[in-house]
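Dear colleague,

I am passing on the structure we spoke about, and you will find it directly below. My notes on the strand pairing and on some of the charged side chains follow it.

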Amino acid sequence: MRHFKTGEQLFSQGDSCPGLFVVDAGLVRVFRMGQQGQKHVLHLCGPGQTFAEVAAFGDFPVPASAVAAQPSTCLMIPNDLLQKELVANHDLCRQLLVGMSFWVRHFVQLLDDIVLRDATSRVARYLNELPRDASGRIELPATKKDIANHLNLSSETFSRVLRRLSDESILDLTQSGSIRLTDEQSLSHYGL
C-alpha cells in the first residue's frame, strides 16, 4: 500500500513501469503530455479502478503520467509478483481482462466523443454516467478543469454547457458548485 498527497506524482510518462496500481481511496489523474507541453487527461481513477496495467503486462515504459488528484491510497503490485500471479492464478487473469476491456471501451467512447459529438453531447453523456443520489444530486469526481480536459473541452466551454443545461431546466447549479439533475430524460437525449 502506498499513500500519496494531493499533487504527488506516482510516475512520469516514459518511466519504467513499477507495476499495476489499484486505487483503494482517493482519485488519481492519468494524463499524457504533448511535445509543446499540452496535457490531456486520459482518465480519472477512483476506488476499485486500476491503472498502468498495459505497461505492466507488456513490460514497457508507462505511456502516461499519474498524479494524485486528492489524497490517495493505492495498492501497487510490483511487476515480478504480478507476472508470477498471472501464471498461477487464472481467475486473476480473467478479472484483469475484464478491467482491460472496460478501459478499451472507455477509450473508444472517448474517441467517439471527441470526433463525433459536440460539447453539449459530451458533457451530457459524461454526466449521465455519473452516480446520483435520490434527489438527483451529482458529485463531480474531479475538478471542472480536469473533467473538461478529459472531454477535450476548455474549462470555459464546460462551464458554458453546464449553464446552458441549467438555463434549460435540465440541471440546477448550486452556489456550492454541486449539480442536481432535474430532467433526466432531456439530459439523456443530449447524450445520445
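**Strands and the sheet**

In strand pairing, Phe31 has Val41 of strand E5 standing opposite. Please keep in mind while reading that this is a predicted model.

The two strands that bring these residues together are E4, which covers residues 28–33, and E5, and they run antiparallel with 6 bridges joining them. They belong to an open sheet of 4 strands, whose order is E2-E7-E4-E5 and whose pairing is antiparallel. The edges are taken by strand E2 (9–11) and strand E5 (39–45), each of which has a single partner strand, so that one side of each is left without a neighbour in the sheet. From one strand to the next, the twist averages 30°. As general background, the strands of a sheet pair through backbone hydrogen bonds, and they may do so in either a parallel or an antiparallel manner.

**Salt bridges**

The count of salt bridges in the model comes to 7, and I describe some of them here.

Strand E4 comes up again in one of these, since Asp146 forms a salt bridge with Arg29, with the closest N and O atoms 2.6 Å apart. Because Asp146 lies in helix H5 (residues 144–150) and Arg29 in strand E4, the pair ties together parts that are 117 residues apart in sequence. As for the surroundings of this pair, Asp146 has a relative accessible area of 6% and is therefore buried, the cut-off for that term being under 20%. Arg29, at 15% relative accessibility, likewise counts as buried.

A further salt bridge is found where the side chains of Glu184 and Arg132 meet, at 3.4 Å from N to O. This pair also links distant parts of the chain, as Glu184 is in helix H7 (residues 184–190), whereas Arg132 is in the loop between helix H4 (119–129) and strand E9 (137–138), and the two residues are 52 apart. Are these two side chains buried, exposed or partly exposed? Glu184 counts as partly exposed, at 45% relative accessibility, and Arg132 is partly exposed as well, with a relative accessible area of 27%.

Lastly, the side chains of Glu139 and Arg137 meet in a salt bridge, for which the N to O distance is 2.9 Å. Arg137 has a relative accessibility of 36%, and it therefore counts as partly exposed.

With best regards

Conventions. Residues are numbered from 1 along each chain as its sequence is written. This is a predicted model: local features need pLDDT of at least 70, side-chain atom pairs count only at pLDDT 80 or more; totals for chains, interfaces and linings use all residues. Side-chain values use heavy atoms; hydrogens and water are left out. Two strands pair if DSSP finds at least two bridges between them. Axes are lines fitted to C-alpha atoms, for helices over the stretch in contact, and angles run from 0 to 180 degrees between N-to-C directions. A salt bridge is a side-chain nitrogen of Lys or Arg within 4 Å of a carboxyl oxygen of Asp or Glu. Buried means under 20% relative accessible area, exposed over 50%, partly exposed in between (1.4 Å probe, protein chains only).
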